[in-house]
Amino acid sequence: MVEFKMEDMALPALFEHARKIHSLASDSAIDQDTLAKGIEALRICDDRVSKLGLFSSNESKDDVSTANLKYLLVPFYLGELIEKVAQDDRISVLKKSQDQLKEFISICEALELVPEEEIGNSALGATDTLAVQRAKKIARFRRQRAAEAKLQEIRERKERRDRSLRAAALSTPIEVGEEDAQDDDGEEEREAWLTTISLGVCKAFDLLDMLKKEEEMLLAVKEKQSQEGEHEFSREILDERAKKAESWHQNAARRAPLIRPMQPITCATFAQDVIEGRAKATEFHEHKHQPMIFGPASLVGGRLASEREMMAARVFQPGHRLPTMSIEQAGLREMEIMNKWQEMNKKLIEESNSSWHKDGPRTASDDEEAAEEKARAWDDWKDDNPRGAGNKKLTPCG
């Protein structure tokens, strides 16, 4: 692979080489060696642009040729690449990057490429309110989006024109004079570079604000460290703290009584008594509880003699509902409910097995048979008892 020196390269080729490195650094992370090469190439470009005197404060953007417009981006690219340098002294890196960005903004301001609101912002400094700063950031963001959309439109228009030119070149030969007309895209190139510079101005202001805030934060941290000094714990202090912790654990283990494990406490009220100090875990528990009163140990441990002490003890009440019965009482109550439920089910089963329940519902045919039987019985009774048979003794001829 043939090695080349950047000093021997022409300015357009050197700028294109540096622009590719900048584009690669913007899209993804690159190693520090490639970053250093890009910074070196941009420094050489900046030195040559200064020696050639391509830009002057007495000119405007219309006086700058299209071929030289792209070199306005050299300090902007240089400031962005310097900001990505990994160095222990971060403050010096931030200052170098800010210097390049300020140089780029000053050149663009002299050539009337900076919006008026941004010029006022750079002149006033950080005296704007938060609302004004927010409005400026929103306007800057909109200009940035518009510039990106315009660049994309120019790029697509150029690709369509190139495709049409290639198709026309294959179909018909180019006559004399038509080649100049087809290659005359100077206005479009100028528009693309001016849009790129406008986009760079928006990004430069945003990056400059971010670098200023980072520098202020680092300076504040450095000043605080210089005032308070380094608060690092020495090995002796750490050993002393370790010994204190070890002795504390040893004393705690020595004070802990070695007794047999007690039976678990199954009564919630008795457990609360043990916690509050009104009973001991080793005492026999008969589930005869006193009303629980929360409060200081002096009031809980002693007997409440006056209403003032009672009111003071009631101040410290729990924030939840206290149990109204023990676990054993709750179990006995559930057993009682279960016995009643079983007795009720037993009665229902007996009623379901009774005769009236087994008869079942009557149907229409059953009603008809019953009516027929009733009619036959009535007819039989009338046959046995003719009309007037019971009144023979009352008649005069009887």
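1. Some vocabulary to start: helices here are DSSP runs of H or I with at least four residues, strands are runs of E with at least two, and both are numbered from the N terminus. With that in hand, look at glutamate 112, which sits in the loop between α5 (90-110) and α6 (116-124). Its phi is near 60°, a positive value in a residue other than glycine. Glutamate 112 counts as exposed, at 56% relative accessibility; buried means under 20% relative accessible area, exposed means over 50%, and partly exposed is in between (1.4 Å probe, protein chains only).

2. A word on what you're looking at: this is a predicted model, where local features need pLDDT of at least 70, side-chain atom pairs count only at pLDDT 80 or more, and totals for chains, interfaces and linings use all residues. Residues are numbered from 1 along each chain as its sequence is written, and side-chain values use heavy atoms, with hydrogens and water left out.

3. On to salt bridges, meaning a side-chain nitrogen of Lys or Arg within 4 Å of a carboxyl oxygen of Asp or Glu. How many are there by this rule? The count comes to 14. One of them pairs arginine 140 with aspartate 206, at 2.7 Å from N to O. That pair links distant parts of the chain, since arginine 140 is in helix α7 (residues 130-171) and aspartate 206 is in helix α9 (residues 186-228), 66 residues apart. Is arginine 140 buried or exposed? It is buried, at 1% relative accessibility, while aspartate 206 is partly exposed at 31%.

4. Helices α7 and α9 turn up again in the salt bridge between arginine 157 and glutamate 188, whose side chains meet at 3.1 Å, N to O. Arginine 157 lies in α7 and glutamate 188 in α9, so this pair ties together parts that are 31 residues apart in sequence. Here arginine 157 is partly exposed, with a relative accessible area of 27%, and glutamate 188 is buried at 12%.

5. For a bridge within one helix, try glutamate 240 and lysine 244 in helix α10 (residues 235-255). Their side chains meet at 3.8 Å, N to O. The two are four residues apart, so about one helical turn separates them. Glutamate 240 is partly exposed at 44%; lysine 244 is exposed at 54%. Elsewhere, salt bridges with shared partners join Lys150, Glu153, Arg157, Arg161, Glu188 and Glu191 into one network.

6. Now the surface patches. These are made of residues with over 30% relative accessible area and no salt bridge, joining like charges within 9 Å and nonpolar side chains (Val, Leu, Ile, Met, Phe, Trp, Tyr) within 5 Å. Met338, Trp341, Met344 and Leu348 make a nonpolar one of about 430 Å². Methionine 338 belongs to helix α14 (residues 327-352) and is partly exposed, at 40%.

7. There is a negative patch too, formed by Asp366, Glu368, Glu369 and Glu373. Glutamate 368 is in helix α16 (residues 364-384), and at 58% relative accessibility it counts as exposed.

8. Last, the cysteines. How many disulfides does a search of the whole structure find? Zero, taking a disulfide as a pair of cysteine sulfur atoms within 2.5 Å. Cysteine 45 is buried, with a relative accessible area of 0%, and cysteine 108 is also buried at 0%.

Note on methods: Accessible areas come from the Shrake-Rupley method with a 1.4 Å probe; for residues, only the protein chains shown count as cover. Lys and Arg count as positive and Asp and Glu as negative; His and the chain ends are not counted. The place of a charge is taken as NZ of Lys, CZ of Arg, CG of Asp or CD of Glu.
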